[in-house]
Amino acid sequence: MTDGTRYGGFGMDATRDIDEDALVVLVDLRGQPAQELDATTIGAIQREYASRLGRRGADTGRVLVVAETARLAEHRQLLVRLAGGSSVSELLLLAVGPQPGGGRLLLPPIAELPVLWAGDVRGFRWTPGLPGRALGADEDGPVNLAGLLDALAIPSVFSRVREILRSCNHQAATPAIHLLLGRVDRAVLDEAAGHAFGHFAQDAGGGSGAPLPDEAVKIDHLLAGAATPEAAGIGSVIDPRGLLPQAAVEARRHLAEAGALIAALREEPFARKRPAPGGGLVPVGELVCGELAQAGSQLGTLARGLAGALDGIGGQDGIDARQRHALATLGVTVVPVPAAEAGEVRAALRRQTDVSLTAREPLGGIAQRLRALAGRATPAGSGPYAHRVSEICPDQLFETLTNPPVFPVWLNLGILPSAFVGAFLAGLRFPWGVLGAAVAVAITVWLTAALYRRRPIPHPKTSPDPRDMSRGQLVWYWLLALAGGLAGVAVGAGGGSPGWPVAVPLLLVGWVLSGAPWLWWRWSVSTWRRTLRLDAAERAIVELGELLRMVALNEWVLADQRLGAARLASALATAVDAAAATLAELRPTPVHPGGFGQPTGAGAMPGRNPASASGPPAGGTGGETLGVSRLIGQQLHANRGALAEIVTDDVGAAIRTVLNARGEEIARERGDDIARDVRETLRRHLAAYHEHLERRGPLAGPPFEVDPRRRTELARKVWLGSTELTRLRQATGSHPNLLQLTNEEDLQLLDQSPDAALFVRFVPRIADATRDEGTGSPAIAGLIRLTQLNPDSARRAEPPTRPADESSPPPPASAPPPAGPRPAGPRPAGPRPAAPSVAAPSVAAPSPAPAEPAFIPEPAAPAAPAAPAPGESATAGSPDLPEQPAGPKDDESPAHAQPAPVAADEPGPDAATLPAAVPPTVSLPTGALPTAMSKPTRAPEPAGDDDGGPTLAGPLPAAHRPVPPTAPRPAQRDDESELW
């Protein structure tokens with residue numbers, strides 16, 4: 001049993017095989033006139049076939065040719081060309097229709113071409129060795145044939161049937177079928193597609209509700225103008241050697257020094273002296289103003305320089321070389337940010353879009369969110385941030401430091417009484433009061449004199465300096481202290497001294513009051529420091545640095561990447577809108593059903609017969625035939641809700657494939673070009689999906705990546721729960737439900753030995769089939785019995801040959817004999833020697849053979865042409881032929897096709913009795929598509945072609961009209977050039 005936990009892109013199993021990596025190219029010649037193969041090569045048909053199915057990388061070497069039995073002779077030259085085509089690895093012929101006479105079946109002149117003959121597609125119940133039973137109705141024929149073609153369209157089934165045919169007599173057999181189809185009515189799929197199209201194309205709603213992926217959130221934060229070095233994954237973009245960083249460092253250093261000096265100034269006159277810039281030691285008061293002026297100057301340089309940079313550099317249109325040089329001078333390094341590179345942004349937007357589509361968010365909401373991101377990502381430049389400089393650091397802030405305010409007058413009238421009272425209290429205890437008063441006066445005089453000398457002075461003191469304190473204030477202070485001391489001594493001597501318990505406290509209080517000037521000095525220094533606003537200056541430096549870093553990263557370093565991201569998001573929004581418009585235009589409705597997959601002007605599928613353009617019935621609820629059962633389809637019909645979910649997922653995946661198929665270069669395109677390319681590409685994908693639904697059904701994975709879980713669940717449900725599938729697994733070649741696709745008159749040509757027929761059973765791997773029976777197609781299961789012909793029931797037609805040139809040397813004696821009837825019995829396994837007719841690729845385009853009957857009647861048959869003499873070759877590859885054929889190879893472009901040499905010794909009636917020769921051509925049938933898919937074709941536009949294949953939008957040029965061999969042909973265009 002297979003493991004169904006993982007699944008491939010085109011199948012349902014992780015183990016990819018030919019069913020996932022290959023497809024069978026159908027060339028349907030029924031109802032078509034013979035046309036020369038040179039008009040359109042088999043390689044062109046194969047490429048077009050794969051392109052229309054959305055599987056351009058698939059192996060197209062398996063070719064199934066469907067032709068009417070009565071016209072096999074007409075197509076024999078074509079079959080010779082196909083058998084020798086270098087791009088054809090396996091060729092199988094399905095001959096359809098009854099024998100025209102009662103004789104042997106005349107097979108094409110290719111010994112290695114297996115033939116499957118369906119003489120009567122209505123069929124009848126028959127088991128080898130038993131009589132036949134009920135014959136099918138006339139209307140059952142197309143259904144039976146369509147079911148057989150669906151089975152043979154599975155590459156593994158095709159190869160197994162072909163291998164069995166190669167072991168049969170004449171490499172030919174007739175089929176009997178019993179098939180289980182997993183298909184539903186087209187109306188059900190149209191209803192599901194209409195719902196899906198309408199859902200995704202509706203107006204923007206409130207979103208899907210699914211959280212955005214982490215990648216999208218990170219990119220949004222990185223590009224929205226608030227990025228940080230941590231989010232960007234880089235270090236600081238500020239170069240400390242630049243002008244602005246140097247100014248900030250110097251301003252901070254001078255402010256710190258000024259703060260330290262002011263703190264020491266509060267401790268005067270006890271603070272130690274500091275070294276002066278010119279040499280020597282000076283009080284700290286003489287150094288403060290110099291440091292403040294330097295700090296104010298550097299802060300002004302920082303603020304003015306940053307404001308000028310913000311105003312002048314901008315960045316809303318990106319950063320050029322001139323701006324980079326200016327930023328480097330200022331101290332900003334423009335470095336690449338890997339997290340914001342175009343590829344990373346594209347990956348994040350892709351992930352965001354994938355999540356939204358998987359959650360089935362309408363396209364309008366996705367486009368709205370992308371445009372919002374584009375608006376946030378568009379750089380505004382640094383100009384709008386310039387006003388913040390003045391808000392952070394007004395001019396008054398650094399001007400106050402450059403020109404410090406006047407130091408407060410600490411000796412004022414309010415404190416003069418303290419000198420008198422202090423000395424008075426110290427002198428009350430007589431006679432010791434004399435000494436106490438003297439100490440109090442001395443303290444007062446020393447403090448005031450010392451503090452006067454240490455006031456902040458920016459330059460040598462001069463009398464006009466308004467910050468100088470008048471010396472008269474010192475004299476008055478000293479006089480009051482002297483007067484207070486004398487008064488205290490006098491009072492103590494005349495009025496009696498207080499006792500020691502009172503005198504000592506009074507003495508101490510007096511001495512403390514004598515130190516009042518020092519207290520008032522500390523208060524004045526603190527007041528003066530507040531007026532300088534040193535803390536505000538320090539905060540301004542920090543905030544200006546933060547502003548510089550923020551603007552430098554978001555508006556300068558990320559300017560180009562934000563601009564590119566905004567353009568990319570806007571371009572993707574345009575693409576999403578174009579996808580929504582396309583869905584609205586193609587949406588199937590009850591009035592116009594089944595047309596969503598038809599691109600404008602698209603031709604029919606190569607290899608499909610226009611006579612069967614309506615296609616087989618989908619088989620939803622009825623239409624049972626003897627050989628094709630639709631019980632699986634009925635179960636699918638009962639689960640139409642699950643089908644709608646699957647189709648909705650597929651439509652979302654198709655949109656996702658179109659949006660994600662291209663990289664970031666979409667940002668450089670015009671909006672009209674983006675919309676046009678998205679419409680065309682989405683139309684092609686939907687056309688491939690439409691064709692996929694027609695050919696493989698909704699249970700098979702579409703030709704683009706999609707989540708298989710819902711599809712897998714439904715496929716397992718309908719297949720594993722089917723009792724018919726259980727009976728099919730147990731059936732053998734004698735199963736009574738097998739429908740023989742011949743009639744009773746043709747039984748005489750078949751080997752009727754019981755149990756002599758071989759059979760091929762195939763079951764979807766999704767239903768846990770065995771390794772030998774499992775296929776990658778989950779839409780069909782079945783049993784095909786192959787009954788070989790009797791040894792004398794058929795013969796191979798003679799291949800076209802050229803007359804031997806008398807002047808040329810005879811061919812080797814070992815030349816193989818011409819093809820003839822095969823002996824009865826199965827062929828031994830193993831490789832076979834190449835037959836002469838298969839070696840005919842050197843015959844590019846042989847002349848038309850005379851018309852031969854498809855069957856040669858047994859009685860009174862005309863004499864067959866004489867076999868070539870011993871030593872002569874019956875093949876087209878005889879030595880007298882040129883090494884290089886005149887016609888093109890199968891994989892050459894039709895533009896290089898040349899007429900082929902004409903064989904002069906074709907067997908058959910006399911040339912005089914033959915009609916005028918018509919160059920045989922290969923039919924490029926237009927395909928058994930739904931009626932809505934079969935539109936008139938148009939001529940292709942001449943354009944370059946990367947693979948030489950025909951156009952998708954038009955017909956293959958010579959499919960329905962002959963082209964003169966020498967007529968020039970325009971280069972064909974491959975419309976599969978993708979938007980992304």
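The expected span of a helix is taken as 1.5 Å times one less than its number of residues, and helices (H or I, at least four residues) and strands (E, at least two) are DSSP runs numbered from the N terminus. Helix α13 (residues 363-377) fits this expectation: its 15 residues should span 21 Å, and its end C-alpha atoms are 21 Å apart, which agrees. The model is predicted, so local features need pLDDT of at least 70 and side-chain atom pairs count only at pLDDT 80 or more, whereas totals for chains, interfaces and linings use all residues. Residues are numbered from 1 along each chain as its sequence is written, and side-chain values use heavy atoms, with hydrogens and water left out.

Helix α13 also offers a good starting point for looking at burial. Buried here means under 20% relative accessible area, exposed means over 50%, and partly exposed lies in between (1.4 Å probe, protein chains only). The buried residues of α13 are L363, G364, G365, I366, A367, L370, L373, A374 and A377. Contact is defined as heavy atoms within 4.5 Å, and the cover over these buried residues includes α6 (186-201), α7 (214-223), α12 (342-358), α22 (559-586) and α24 (640-660).

The loop between α12 and α13 holds R360. Its phi is near 65 degrees, a positive value in a residue other than glycine, and R360 is buried, with a relative accessible area of 18%. R360 is also one of the contacts of T648, a residue of helix α24. Not counting residues up to four places away in sequence, T648 touches H195, A196 and F200 as well as R360. T648 itself counts as buried, at 4% relative accessibility.

A positive phi recurs at R533, where the value is about 55 degrees although the residue is not a glycine. R533 is found in the loop between α20 and α21 (534-557), and at 40% relative accessibility it counts as partly exposed.

Helix α20 (residues 516-532) brings the aromatic residues into view. Rings of Phe, Tyr and Trp (its six-membered ring) are paired if their centres lie within 6.5 Å; planes under 30 degrees apart count as stacked, over 60 as edge-to-face and the rest as tilted. By this rule the count comes to seven aromatic pairs. One of them joins F407 and W521 in a tilted arrangement, with 5.2 Å centre to centre and 40 degrees between the planes. F407 lies in the loop between α15 (395-402) and α16 (416-426) and W521 in α20, so the pair ties together parts that are 114 residues apart in sequence. Both F407 and W521 are buried.

A further pair, W520 with W523, is edge-to-face, at 6.1 Å centre to centre and with 85 degrees between the planes. These two residues both lie in α20, three residues apart, about one turn of the helix. W520 is partly exposed, with a relative accessible area of 34%, and W523 is likewise partly exposed, at 48%. In addition, F270, W446 and W518 form one aromatic cluster.

The packing of α20 against α17 (432-453) can be described next. With axes as lines fitted to C-alpha atoms, for helices over the stretch in contact, and angles running from 0 to 180 degrees between N-to-C directions, the axes of α17 and α20 come within 8 Å and cross at roughly 25 degrees. Angles under 35 degrees count as roughly parallel, over 145 as roughly antiparallel, 65 to 115 as roughly perpendicular and the rest as oblique; α17 and α20 are therefore roughly parallel to each other. In this contact, L447, T448 and L451 of α17 meet P517, W518 and W521 of α20. The contact residues divide into five nonpolar, one polar and no charged (Ala, Val, Leu, Ile, Met, Phe, Trp, Tyr, Cys and Pro count as nonpolar, Asp, Glu, Lys and Arg as charged, and the others, Gly among them, as polar).

Helices α17 and α20 also appear around α16, whose buried residues pack against α17, α18 (471-494), α19 (500-514) and α20. Those buried residues are L416, S418, A419, G422, A423, L425 and A426. Between α16 and α17, the loop contains P431, and the peptide bond from F430 to P431 is cis, with omega near 5 degrees. A cis peptide bond also joins E268 and P269, with omega about 5 degrees; P269 is found in the loop between α9 (243-265) and β8 (274-275).
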